[in-house]
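Reader: I have a model open here and would like to go through it with you, starting with the cysteines. Could you take me through it step by step?

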Amino acid sequence: MDAALCAFDADGVITHWNREAERILGWTAAEAVGRQGFAGWAVRTADAEEVEGRLLSAMRSPGRQVHEFALLTKDGGRVLVRTQSAAVRGPDGEPAGLYCAFSEVHAQIDLERSIALSEALFEDASWGVVLVDADLRPAVVNAHAARSLGRGARRCWADRWASCCPRAWRSWRARSRMCWPRARRPRRRRSG
């Protein structure tokens with residue numbers, strides 16, 4: 001699932017706007033970058049103060065803030081989004097701006113529902129299950145796999161697959177080489 005990304009400077013002026021934000025709301029980067037907040041164009045005027053306050057609160061808080069609110073599309077429709085915002089700190093450690101990722105709530109809920117169902121199915125499995133994401137980090141580790149690996153499931157999630165279970169990684173690499181052998185070179189004949 002792609003996330004819409006936008007960034008604000010310390011004064012609340014939009015500095016970045018990606019294609020997913022454009023797809024969800026209809027506003028191009030040229031139309032969004034340089035605007036002061038969302039008021040009057042991406043948020044109803046009546047909601048602007050509350051939305052801006054919730055977004056900018058991330059600059060004063062450690063970590064990230066998660067919020068849900070309605071944004072306006074370019075054609076006048078409304079879309080409920082879930083945002084995750086975090087402060088961007090300058091070299092002096094003071095907030096220099098805000099980074100915000102958002103997606104449509106229904107897409108996020110569908111993803112969370114699918115993940116919950118998958119986790120429930122994997123947890124009840126009588127065999128070890130480890131799902132690895134594109135960054136080679138275990139995304140789901142059921143209890144049987146965690147016991148087999150001799151590590152807690154939470155510890156596995158923090159590590160890359162190769163460091164989480166090096167023996168299994170070497171075994172997988174060896175088996176993958178057997179499945180897809182390299183092309184054999186013709187043997188040289190000895191002259192003799």
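Author: Before the cysteines, one criterion is needed: a disulfide is a pair of cysteine sulfur atoms within 2.5 Å. Please also keep in mind that this is a predicted model.

Reader: Fine, so how many disulfides does that rule give?

Author: The count under that rule is zero disulfides. The sulfur of Cys6 has its closest cysteine sulfur in Cys100, at 4.2 Å, and because a disulfide requires the two sulfurs to be within 2.5 Å, that separation is too far for a bond.

Reader: And is Cys6 buried or exposed? What about Cys100, buried or exposed?

Author: Cys6 is buried, with a relative accessibility of 0%, and Cys100 is likewise buried, its relative accessible area being 1%.

Reader: Switching to the nonpolar core, how many residues are in the largest one, and which have the most contacts inside it?

Author: The largest nonpolar core has 27 residues, and the ones with the most contacts inside it are Trp17, Phe38, Leu71 and Phe102. At least two core residues are supplied by each of strands S1 (4–9), S2 (14–17), S3 (64–72), S4 (78–89) and S5 (95–104), and also by each of helices H1 (19–25) and H3 (45–56). The largest share, four residues, comes from H3. As a general background remark, nonpolar side chains in soluble globular proteins tend to be buried together.

Reader: Which residues is Phe38 in contact with, leaving aside neighbours within four places in sequence?

Author: With those neighbours left aside, Phe38 is in contact with Cys6, Phe8, Ile14, Trp17, Val43, Val51, Leu55 and Leu71.

Reader: Now Thr83, where does it lie? And is Thr83 buried or exposed?

Author: Thr83 lies in strand S4, and it counts as buried because its relative accessibility is 1%, where buried means under 20%. Setting aside neighbours within four places in sequence, Thr83 is in contact with several residues, among them Leu55, His67, Cys100 and Phe102. The C-alpha atoms of Thr83 and Glu68 are separated by 6.1 Å, although these residues are 15 apart along the chain.

Reader: Last one, Ala96: which strand is it in, and what does it touch?

Author: Ala96 is found in strand S5, and, not counting residues up to four places away in sequence, it touches Asp9, Ala10, Val88, Arg89 and Gly90. Ala96 and Ala10 are 86 residues apart in sequence, yet 5.0 Å apart in space, C-alpha to C-alpha.

Reader: What is the relative accessible area of Ala96?

Author: It is 37%, and Ala96 is therefore partly exposed.

Key
Residues numbered from 1 in each chain as written. Predicted model: local features only at pLDDT ≥ 70, side-chain atom pairs only at ≥ 80, totals over all residues. Heavy atoms only, no water. Buried < 20%, exposed > 50% of the residue type's maximum accessible area, 1.4 Å probe, protein only. Core = buried A, V, L, I, M, F, W, Y, C linked by side-chain atoms within 4.5 Å. Contact = heavy atoms within 4.5 Å.
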